[in-house]
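Student: Please take me through one part of this model in detail. I would like a close look at a place where two domains meet.

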Amino acid sequence: MHTFKINYWFLSSLFISCFVCIPLIVIGISLFQDVSGYYQLLGETYVYTYIANTLLVLTGVLVLTFIFGVGAAYLTSFYQFPGSTFFTWALILSFAVPSYIYAYSLTAFFGYFGNLYSFLNYLFGPSDYHTLIPKVDGLLGSILSMSFSLFIYVYLITRASFIYQSQNLVDAGKIMGFSNYQTFKKIIFPSARPGIVVGLSLVAMESISDFGTVSFFNIQTLTTAIYDSWIIFDDIATAYQLSFFLIVIVLIFFWLERMSRSRSKFYMPTRGYEAINKIQLQGTSAAYATTFCLLLFTCSFLFPISQILLWVIQFPDNIHLAQLIELSVNTVSIVILTTLCLIVLAFFTNYGMRISKSKFLNAVTNFSVSGYVIPGVILAVTLLSFLSFVSKLANSNWIHFLFSGSIIGLVIAYCVRFYSLAINGIKSGYEKLNTNLDDASYLLGYTKFGTFIKIHLPFLQPNLLLIAMLVAIDILKELPITLILRPFNFETFATQAYTFASQDMLEHAAGPSLFLIIFSAIFILLSKKYILKGF
Amino acid sequence: MAHYFEFNNVSYSKNNEHILTNVSFSIPRQGDTVAILGPSGIGKTTILKCISGVRKIDQGTIQLKNKILHDSHTYIDPEQRNIALSFQDNALFPHYTVEENIRFGIQKSLFCSKNKNGPLKYSMEDLLELFFVPELKNKYPHEISTGQAQRVGLVRSIIHNPDLLLLDEPFANLDQNLKDKAQKNLKEILKSTGITTILVTHDKYEAFYLSDYCGILLQGGIVQFDSPYNIHHIPNSKEVVEFFNRGVLIPVEVVSDDTLFNKDLGEIKGKLVKKYEKGEQVNLLIQPEDLEHDDSSTLKFEVIDKKFRGTNLIYTLQTPSALQLPVFVHSHHEHLHAEQEKFGIKQPIFIDHLVCF
């Protein structure tokens with residue numbers, strides 16, 4: 001009975017959805033294509049090694065991030081000990097250090113004639129200490145680098161599920177005669193388990209998609225193999241075949257994450273919620289707790305940043321102001337551009353879902369947010385080959401020129417990768433804003449647009465800030481997409497550091513690495529209040 | 001002549017579930033207050049939302065001051081209707097203070113062309129005072145109680161001086177004492193400003209006190225629309241009787257135009273509301289105030305239950321044929337009757353309106 005209007009809200013979700021489809025379709029089609037000779041060679045020799053390496057790194061990282069993340073979350077949520085308030089927020093600073101930069105600092109410290117060697121030399125006089133210093137590279141190096149930079153996902157989400165538990169539950173356990181240990185085992189841990197699984201799944205997806213760290217340590221995993229077959233062997237068919245394996249592994253964790261997220265909703269606080277009373281630790285137990293957190297903070301943040309600072313001080317000639325300014329301008333402008341695009345798209349879609357209540361739009365959006373699952377390498381490679389396919393089909397080069405090796409292509413790829421972060425960030429704010437408030441505003445004489453400006457925007461300001469910060473940090477740290485899709489000669493902190501490091505010029509990588517960490521740390525500190533609530 | 005407000009054959013469904021089906025009622029004159037009474041979940045709030053325009057109806061017509069607000073061809077946006085709604089859950093904007101929340105409404109309504117009524121003769125301060133929340137101006141919604149927030153929401157909607165004011169359970173979260181005072185002040189404001197109002201409530205005393213007309217909304221739509229007096233004394237169907245849950249139906253035989261007969265009570269005289277044939281078997285509604293107590297009467301029944309209501313007592317009496325009759329007695333009645341004691345009913349029995357079904 002009412003005239004049907006085109007809902008413009010669909011367009012942004014539909015647009016992103018199309019780009020999410022591209023990698024899946026391209027890889028799907030490639031499965032039915034003839035494989036190259038190189039792939040057959042690989043299949044006989046290395047494919048299983050790649051998969052095994054990927055899984056080895058994954059297992060190591062999951063074990064360590066579980067210990068670091070859950071341990072730190074447990075201590076800071078339930079106990080008070082010297083430094084506990086400080087560690088609660090300071091630990092998230094490790095989010096500023098990407099794992100590949102962590103890898104550079106590990107090498108600088110433990111490497112041949114590295115900083116540890118110089119330090120021992122300085123302390124005890126010259127000797128051949130390098131024979132005594134353990135080598136921390138290869139698999140071990142990759143696992144450590146990733147664990148220290150990724151444990152924060154487990155920490156934040158576990159902490160959120162710990163602190164939202166009600167003291168009433170703990171008290172109920174006590175009344176039933178449970179000891180502290182039993183209360184943890186039977187009540188606290190089981191109800192935080194879905195949260196922990198969500199955190200670990202996110203870690204798993206990041207670790208499987210990692211490119212910078214494993215490539216630096218020369219560990220052949222699926223991501224490096226995809227990159228190599230694309231860049232070095234120019235063999236796109238092989239890249240797709242390998243991508244298939246990678247996507248399958250990632251999807252398992254994606255499924256796990258989704259399942260656990262919906263389960264964890266059951267454990268959210270209801271009426272009568274009472275905040276946990278923290279227990280004051282004394283004596284040795286306090287010392288253990290402080291030591292654990294201090295070690296974690298030192299290893300995950302102080303260690304890499306001090307290494308990089310040391311380089312900067314030791315080799316001031318490698319710091320070129322003009323170059324750093326150019327990098328800052330490049331990085332900051334791409335960050336601002338993408339963040340703005342994402343926020344506009346996310347607002348448009350969320351607002352559309354709110355007022356149209358369309359199931360179709362919901363379904364399209366749910367699909368489009370799954371872009372974060374697709375590893376950056378695959379996203380970039382498939383996007384490029386799709387563009388050349390379309391250009392050939394249209395028999396014109398402008399599409400290729402417009403999107404590949406251009407800022408536009410880069411921004412689109414970032415948007416696909418980080419769309420879920422933006423959508424869900426704004427969605428969680430909107431969920432707290434009762435729809436009756438919209439009706440009240442209309443009745444008080446405000447139009448839809450007026451309501452958006454006067455009610456939605458001011459209310460969602462914290463969410464907006466949090467999303468802007470998180471997206472900015474992610475883009476700052478993002479490596480493979482930028483490396484593959486950036487315009488010629490366009491460098492960001494991440495790519496510049498990677499380029500130097502891959503040419504064994506680690507001291508030169510110090511400048512961009514330091515700037516990257518400083519920028520990320522500023523963004524983290526600006527939004528730490530909201531980050532600590534869990535995302 | 002067309003009525004001031006009309007709600008004609010309106011149907012509304014959500015997720016394929018029919019919430020309103022062909023519901024109709026109207027407000028004859030400007031300045032009247034209409035109360036919609038009904039059980040929970042029947043669609044009372046939905047009616048208000050449809051009138052305000054925040055829900056779009058499937059069919060029917062909504063018309064205010066001879067102007068169509070919503071029908072198959074026309075739909076006027078809520079912000080263009082000059083209708084104010086006070087939400088049951090108050091819907092205060094969480095990021096604005098109480099004062100900002102109230103001003104948010106005034107800014108738009110008084111300075112835009114749609115409102116020809118001019119400013120209300122009460123200021124914001126007056127209204128806050130009249131609803132007993134004068135000290136809350138600078139507080140945020142999360143700093144005040146639900147009942148206070150609801151009254152702030154009420155002030156925000158009244159201050160518009162709208163063409164039509166919609167109130168959804170305005171005093172649901174107040175204690176009885178404050179509720180009585182707030183109702184008195186609301187009535188005074190509505191009468192002195194002449195704001196036409198539709199009130200939704202499940203509290204019949206609130207409805208009877210505030211309204212000129214009451215509509216009873218049950219499963220089949222508005223089943224009775226009448227003055228509070230008639231709604232109470234002359235309910236038009238068994239469903240309305242059941243909804244109020246006050247009184248019982250007893251079998252009687254029609255003896256003449258003004259006389260009925262029941263084998264336990266004997267002759268019952270009064271004015272029959274509807275015409276029946278002589279000898280017809282019907283059910284008569286007996287409400288607690290219909291029968292009078294008389295200790296000296298020979299017509300006595302056994303007391304099986306007694307409810308003390310402060311100002312009065314309601315006895316339940318059992319007749320030989322197992323009818324259970326409620327009888328209202330002033331609580332200062334000189335002596336109390338225990339359960340299982342005999343209790344006299346004044347004869348001859350005379351009831352003003354004989355309501356039969």
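**Where the two domains of chain B meet**

Tutor: In this predicted model, 4 residue pairs are in polar contact across the interface of domain 1 of chain B and domain 2 of chain B, both residues of each pair being at pLDDT 80 or more. The side of domain 1 that touches domain 2 draws its largest share from helix α7 of chain B, residues 228-233. That helix gives 3 residues. By class, this side of domain 1 has 3 nonpolar, 2 polar and 2 charged residues. Even so, the salt bridge count between the two domains is 0.

Now place the domains. The domain assignment puts domain 1 of chain B at 5-239 and domain 2 at 246-354. Their centres, taken over C-alpha atoms, lie 39 Å apart. In the contact, 7 residues of domain 1 meet 8 residues of domain 2.

Next, the area. The size of an interface is often given as the accessible area lost when the parts come together. Between domain 1 and domain 2 of chain B, about 610 Å² is buried. Carbon and sulfur atoms give 56% of that area. Three residues stand out on the domain 1 side: B:His232, B:His233 and B:Ile234. Together they supply 55% of the area that domain 1 buries against domain 2. No other three residues supply more.

To recap, the domain contact in chain B has polar contacts in 4 residue pairs and 0 salt bridges.

Key: Residues are numbered from 1 along each chain as its sequence is written. Chains are lettered from A and ligands numbered from 1 in the order in which they are written. This is a predicted model: local features need pLDDT of at least 70, side-chain atom pairs count only at pLDDT 80 or more; totals for chains, interfaces and linings use all residues. Side-chain values use heavy atoms; hydrogens and water are left out. Domain bounds come from an automatic or database domain assignment. Contact means heavy atoms within 4.5 Å. Buried area is the accessible area (1.4 Å probe) that two parts lose on being put together, summed over both. A salt bridge is a side-chain nitrogen of Lys or Arg within 4 Å of a carboxyl oxygen of Asp or Glu. A polar contact is a pair of N or O atoms within 3.5 Å; within protein, one must be able to donate a hydrogen and the other to accept it, and residues adjacent in sequence count only if both atoms are side-chain atoms. Helices (H or I, at least four residues) and strands (E, at least two) are DSSP runs, numbered from the N terminus. Ala, Val, Leu, Ile, Met, Phe, Trp, Tyr, Cys and Pro count as nonpolar, Asp, Glu, Lys and Arg as charged, and the others, Gly among them, as polar.
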